[in-house]
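User: I would like to go through this structure with you, one topic at a time. Please keep the answers plain.

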Amino acid sequence: MTRMTVTASLAENLLGTGVVSTTSVAGGDICMATRLRLTDGTNALIKTRANAPAGFFKTEAAGLAQLAAAGGAPVPEVLGVDEECLI
């Protein structure tokens, strides 16, 4: 298992829990996706993007909330969001 230090630190600061390991996930055109294994044994996905436009991830989180509220297809739960990432 590996641990991408910067990505893990972003997640730890937002979630308030430790990250045991990180694994790159294939796919995505404009963001980097990384699987997180947290200290409580759960998994999460973090999306990051170098030089993301202002509000990029917060806009995506708001869109996911609207989709979830509409009650259609399942939508992933947003665990944390800031200007650098979406978990």
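Analyst: To begin with open space, the largest pocket holds about 160 Å³. Please bear in mind that this is a predicted model.

User: Which residues line the largest pocket?

Analyst: The lining consists of Ala44, Leu45, Lys47, Glu60, Leu64, Pro76, Glu77, Val78, Leu79, Leu86 and Ile87. Two elements, β3 and α2, give two or more residues to this lining.

User: Which element supplies the largest share of that lining?

Analyst: That is β3, with three residues.

User: And how does the lining of the largest pocket divide by class?

Analyst: Eight of the lining residues are nonpolar and three are charged, while no polar residue is present.

User: Turning to charges, how many salt bridges does a search of the whole structure find?

Analyst: The search finds one. Glutamate 60 is paired with lysine 47, and their closest N and O atoms are 2.8 Å apart. Glutamate 60 belongs to helix α2 (residues 56-70) and lysine 47 to strand β3 (residues 43-48), so the salt bridge ties together parts that are 13 residues apart in sequence. Both partners also appear in the lining of the largest pocket, as Lys47 and Glu60.

User: Why do glutamate 60 and lysine 47 count as partly exposed?

Analyst: The class covers values between the buried limit of 20% and the exposed limit of 50%. Glutamate 60 counts as partly exposed because its relative accessibility is 25%. Lysine 47 is partly exposed because its relative accessible area is 22%.

User: Next, the interior. Which residues make up the largest nonpolar core?

Analyst: Its 10 residues are Ala8, Leu10, Ala11, Val19, Leu36, Leu38, Ala44, Ile46, Cys85 and Ile87. At least two residues of this core come from each of α1 (5-15), β2 (32-38) and β3. Helix α1 gives the most, namely three residues. Apart from this core lies another one of five residues, including Cys31, Phe57, Leu64 and Leu86. As a general background, nonpolar side chains in soluble globular proteins tend to be buried together.

User: Is cysteine 85 buried or exposed, and where is its place?

Analyst: Cysteine 85 counts as buried because its relative accessibility is 0%. Its place is in strand β4 (residues 85-86).

User: What does cysteine 85 touch, not counting residues up to four places away in sequence?

Analyst: Cysteine 85 touches Leu10, Leu14, Ile46, Lys47, Thr48, Phe57 and Gly80. Two of these contacts, Leu10 and Ile46, belong with Cys85 to the largest nonpolar core. Another contact of cysteine 85 is Lys47, the salt-bridge partner of glutamate 60.

User: How many Å apart are cysteine 85 and arginine 35, C-alpha to C-alpha?

Analyst: They are 13 Å apart in space, with their positions 50 residues apart in sequence.

User: Let us move to the threonines. Is threonine 34 buried or exposed?

Analyst: Threonine 34, which lies in strand β2, is buried because its relative accessibility is 1%. Leaving aside its neighbours within four places in sequence, threonine 34 is in contact with Met4, Thr7, Thr22, Thr23, Ser24, Val25, Ala44, Leu45 and Ile46.

User: What about threonine 7?

Analyst: Threonine 7 is part of helix α1. At 11% relative accessibility, threonine 7 counts as buried. Beyond residues up to four places away in sequence, threonine 7 touches Thr34, Leu36 and Ile46.

User: Which residue has a positive phi although it is not a glycine?

Analyst: Asparagine 51 does, with a phi of about 55 degrees. Asparagine 51 is found in the loop between β3 and α2 and counts as exposed because its relative accessibility is 76%.

User: Finally, the loops. Where does glycine 72 lie, and is glycine 72 buried or exposed?

Analyst: Glycine 72 lies in the loop between α2 and β4. Glycine 72 is exposed, as its relative accessible area is 57%. The C-alpha atoms of glycine 72 and valine 20 are 33 Å apart, with 52 residues separating them along the chain.

User: And what separates glycine 18 from glycine 72?

Analyst: Their C-alpha atoms are separated by 33 Å, and the two glycines are 54 residues apart along the chain. Glycine 18 is placed in the loop between α1 and β1 (19-25). Leaving aside neighbours within four places in sequence, glycine 18 is in contact with Glu12, Arg37, Leu38 and Thr39.

Definitions and conventions. Residues numbered from 1 in each chain as written. Predicted model: local features only at pLDDT ≥ 70, side-chain atom pairs only at ≥ 80, totals over all residues. Heavy atoms only, no water. Helix = DSSP H or I, 4+ residues; strand = E, 2+ residues; numbered from the N terminus. Buried < 20%, exposed > 50% of the residue type's maximum accessible area, 1.4 Å probe, protein only. Contact = heavy atoms within 4.5 Å. Salt bridge = Lys/Arg side-chain N within 4 Å of Asp/Glu carboxyl O. Core = buried A, V, L, I, M, F, W, Y, C linked by side-chain atoms within 4.5 Å. 1 Å grid on protein atoms, 1.4 Å probe; cavity = no way out; pocket = protein on both sides within 12 Å on 5 of 7 lines; lining within 4 Å. Points joined across faces, edges and corners; volume = space filled by probe spheres on them. Nonpolar A, V, L, I, M, F, W, Y, C, P; charged D, E, K, R; others polar.
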